[in-house]
Amino acid sequence: MPKLRLSSLYTLMAFVCIFAAGVYYTHLSIVADRKEQRLLMEEVVGVQAAAIERRLTRSLSSTYILAQEVRRSNGQFRDFDKFAEEVMQTLGGVSNLQLAPNGITEQIYPLAGNEKGIGHDLLYSDKRKKEAWQAIESKQLSLAGPFMLVQGRMGMVGRNPVFLEQKGEPYFWGFATALIYLDDLLAFTELDQLQQKGYAYELSRWHPDTGQVDIFARSTRELDEQQVTKAIRVPNGEWTIAMSRPASFTLPVVLGILFSALIATLVALLMHRILREPERLRQLVKQQTAQLELLAFNDDLTGLANRRFLTEQLDRAILNGRREGQCLALMYLDLDDFKRINDSSGHTDGDRLLMEIARRLQDSVRQTDLVGRLGGDEFAIVLVNVNNADNVRKIAEKILANIGRPVQLGQHEAVVGTSIGITLAPEDGTSSGELLRNADLAMYDSKRSGKNQLSFYNARMQEQALYSVRLEKALRQAIEQQQFFLLFQPIISLASGRAEKFEALLRWDQPEQGVQNPGSFIETAEQTGLIVPIGYWVLEAACRFIQQQMQTGKTTRPVAVNLSVCQLREANFATRVEALLTRLKVPPELLELEITESMLMENVDLAMALIGDLKRLGMRISIDDFGTGYSSLAQLRQLPVNALKIDRSFVMELETSPVDQQMVEAITAMVHKLDLKVVAEGIETEQQRRLLRNIGCDYGQGFLFARPLSPEQALHYQGYDDAGNEKVAAAS
Ligand code: C2E
Ligand code: MG
Ligand code: MG
């Protein structure tokens with residue numbers, strides 16, 4: 001801010017300086033203009049004064065010529081008219097010439113119109129006798145006027161006293177007089193033209209009678225203050241010519257000031273801009289930084305805090321909590337089956353759903369709590385200042401209920417659940433990293449426990465996580481070191497007791513712990529994606545077992561292989577299987593693939609497409625663990641599968657549970673209607689076998705007939721002896 005003010009101050013100073021300089025320059029140029037004007041005026045006035053003076057002198061010289069002629073003729077002037085005419089023509093500017101011997105006018109040329117003048121006594125009766133006597137006394141030409149003549153015009157009279165000599169003594173003979181009209185005199189100057197050009201002038205003289213200034217000629221326009229005067233010397237007196245020319249300096253002054261203001265403003269603006277540039281850039285950088293920070297701290301889609309910001313705030317909240325002795329809770333939320341909605345309804349609806357969830361989460365907590373999106377369908381909430389775990393549980397339950405409400409997505413509604421993991425600080429952890437890890441583990445626990453629920457973090461989860469990490473490492477080793485092998489469990493025709501096919505079941509020969517069943521490692525293999533390479537290994541091993549059977553020359557029984565959902569997602573799965581079959585020369589109908597019902601339901605469209613592909617290649621497909629998922633009859637009808645395996649949980653209590661019996665009966669009837677085969681899993685007792693056979697189940701699998709067998713054992717296995725209810729293993 002002070003910088004801003006400083007730049008404004010500099011700008012103001014620049015404006016004032018430049019403006020002042022501009023005004024000063026205007027002043028100087030006007031002063032110079034005035035001076036020049038004055039000089040010009042003085043020149044003009046000088047020229048005009050000289051012109052008047054010259055003209056007057058020339059006109060008055062006529063009296064000298066007359067006087068000279070009188071003296072030459074010794075007072076006997078003859079042919080005055082002719083002489084006068086010649087003089088007047090030569091000199092110009094003289095109105096008439098007179099001779100007045102002894103002061104009495106005797107001759108006038110031209111006489112016409114001037115007759116009254118004859119006989120006029122200049123020394124005794126003339127108004128201007130004073131000048132006449134003055135002339136005699138000074139023996140010099142005297143000029144009277146200008147005054148209004150009897151002819152009605154302004155004029156001057158020049159009287160030249162003529163002295164003759166008698167006996168060596170001069171005596172006054174009379175006057176040689178010239179009358180000069182003022183306008184004739186002025187006609188020889190440029191005053192008239194100058195007047196037309198806007199000049200004003202005044203001709204004046206000091207009146208000897210009145211003692212006042214007598215203005216005898218002037219322009220129509222008045223003189224102004226800027227006048228220049230010049231004296232005109234005339235016989236026995238002085239005239240004054242004054243001239244001025246109206247010159248307005250207002251416009252140049254105004255223009256000068258305006259121009260100065262304009263330049264000053266422009267320079268000031270430019271300077272302001274230059275001075276402000278760093279400030280402007282700083283502001284711009286600040287703005288951009290704020291924008292970047294906004295982008296850096298907020299999730300684009302939902303506007304919630306992003307992972308980075310949430311983590312920072314979490315650290316801050318942990319510190320605050322420690323200082324104030326308060327507890328906080330971190331919730332980690334992962335939407336259940338969001339991928340299904342995203343895949344089936346499209347990303348636009350998926351985004352809309354996420355935005356709505358974000359809004360609901362925000363509504364479910366206090367203003368002081370922080371909701372963030374960690375990415376995809378994962379959210380986190382930092383609840384500050386929590387009293388006890390029970391309160392946190394209540395909030396989490398409220399969130400579960402809020403999120404569970406249907407979301408309107410255009411034409412249709414969607415329902416999503418969320419799995420929540422909760423961890424508390426300071427008891428579970430004291431850093432954001434630790435808390436996020438804890439909450440994540442707890443969230444996985446919720447998922448494992450059946451989704452759409454909440455779990456509080458406990459130390460066991462940490463152990464489990466550690467175990468998973470170790471397991472993953474060990475699984476990688478197992479792939480490299482080929483620690484896997486397959487067992488084959490026969491699937492028996494319940495009607496004939498003959499082994500119809502085998503199910504390949506994976507085993508892991510763990511160096512330290514011995515042989516492991518899939519239950520202990522398959523989930524981790526799926527979570528880490530390791531199931532994909534393992535799955536291909538299983539397929540190949542199963543095919544090799546088929547080859548082995550084929551090589552014995554006896555009946556070759558099909559082998560069923562369990563698939564995992566990760567394998568279904570493999571883009572080129574069908575092609576790879578096809579290549580494998582071709583490479584090992586295994587007829588596709590000898591390979592059966594088991595897809596669990598829950599896998600199927602996770603992504604019906606994807607599963608349908610893949611099943612279609614596999615079927616076209618000639619492979620058989622069966623639905624595993626049927627009854628545990630939630631598929632509908634309508635969906636089943638669309639699936640081009642061969643068989644359906646009723647989950648062991650229905651078989652287990654078949655003898656004691658009429659409900660399970662009815663369920664199995666219903667499933668069997670329904671599946672038969674679809675022209676599919678039914679397999680019952682996990683038959684352990686004779687009674688179960690009998691019941692199932694009576695119900696009409698086609699095949700059975702279970703410890704009653706055979707446990708999963710090694711390839712060698714399986715090669716020799718023929719079936720189950722119905723009559724004696726005894727296993728007939730190894731009946732080659
Ligand atoms: P599943 O496909 O339902 O396989 C049947 C499971 O039931 C096998 O367990 C088998 O040993 C067990 N079983 C069979 N008869 C009886 C019985 O009478 N009583 C009892 N209590 N159990 C019986 P296993 O081999 O432990 O396999 C468990 C699950 O692991 C399998 O269930 C299958 O989903 C999965 N699995 C096995 N091998 C593979 C594999 O190669 N790939 C994949 N993705 N999953 C596999
Ligand atoms: Mg199976
Ligand atoms: Mg099963």
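**Reading a ligand and two magnesium ions**

Mentor: Let's start with the shell around ligand 1: strands β18 and β22 (620–626) each supply at least two of its residues. Keep in mind that this is a predicted model.

Trainee: Which strand gives the most to the shell around ligand 1?

Mentor: That is β18, with four residues. In total, 23 residues surround ligand 1, and the closest are E503, D624, R648, E684 and F703.

Trainee: How many nonpolar, polar and charged residues does the shell have?

Mentor: Sorting a shell by class is a good habit. Here you will find nine nonpolar, six polar and eight charged residues.

Trainee: Where does a polar side-chain atom lie 3.2 Å from an oxygen atom of ligand 1?

Mentor: To read polar contacts, look for pairs of N or O atoms within 3.5 Å. The 3.2 Å case belongs to D625, which faces an oxygen atom of ligand 1. E503 has a side-chain N or O atom 2.9 Å from an oxygen atom of the ligand. For E684, the partner is a nitrogen atom of ligand 1, at 2.4 Å.

Trainee: How much of ligand 1 does the protein bury?

Mentor: Take the ligand alone, then put the protein back. Alone, ligand 1 exposes 780 Å², and the protein buries 82% of that.

Trainee: Now the metals! Which residues coordinate the magnesium ion (ligand 2)?

Mentor: For a metal, look for donor atoms, which here means N, O and S atoms within 2.8 Å. E503 (OE), N562 (OD1), E594 (OE) and D624 (OD) coordinate the magnesium ion (ligand 2), at 1.9 to 2.2 Å. Along the sequence, these donors follow the spacing E-x58-N-x31-E-x29-D. E503 sits in strand β18 (residues 499–510) and E594 in strand β21 (residues 591–596), so this pair ties together parts that are 91 residues apart in sequence.

Trainee: Are E503 and E594 buried or exposed?

Mentor: Use relative accessible area, and call a residue buried when the value is under 20%. E503 is buried, at 4%, and E594 is buried too, at 1%.

Trainee: What does E594 touch, not counting residues up to four places away in sequence?

Mentor: Leaving those neighbours out shows you which other parts of the chain meet. The residues that E594 touches include E503, N562 and D624, and each of these three also coordinates the magnesium ion (ligand 2).

Trainee: Which residues coordinate the magnesium ion (ligand 3)?

Mentor: D624 (OD), D625 (OD) and E681, which is listed twice through OE, at 2.0 to 2.6 Å. Their sequence spacing is D-D-x55-E.

Trainee: Which residue bridges the magnesium ion (ligand 3) and the magnesium ion (ligand 2)?

Mentor: D624 does, and the two ions lie 4.0 Å apart. D624 is buried, with a relative accessible area of 4%, whereas D625 is partly exposed, at 24%.

Trainee: Let me try another residue. Where is K451 found?

Mentor: K451 is in the loop between α11 (432–448) and β16 (454–456). With a relative accessible area of 31%, K451 is partly exposed.

Trainee: Which residues is K451 in contact with, leaving aside its neighbours within four places in sequence?

Mentor: D336, D337, S419 and S446. With D337, the side chain of K451 makes a polar contact of 3.1 Å. For a distance along the chain and through space, take K451 and R366: 85 residues apart along the chain, with C-alpha atoms separated by 25 Å.

Terms used. Residues numbered from 1 in each chain as written. Chains lettered and ligands numbered in written order. Predicted model: local features only at pLDDT ≥ 70, side-chain atom pairs only at ≥ 80, totals over all residues. Heavy atoms only, no water. Donors = N, O, S within 2.8 Å, 3.2 Å for Na, K, Ca; no water. Buried < 20%, exposed > 50% of the residue type's maximum accessible area, 1.4 Å probe, protein only. Near = heavy atom within 4 Å. Polar contact = N/O pair within 3.5 Å; in protein donor to acceptor, adjacent residues only side chain to side chain. Areas by Shrake-Rupley, 256 points an atom, 1.4 Å probe, with all protein chains shown as cover. Nonpolar A, V, L, I, M, F, W, Y, C, P; charged D, E, K, R; others polar. Contact = heavy atoms within 4.5 Å.
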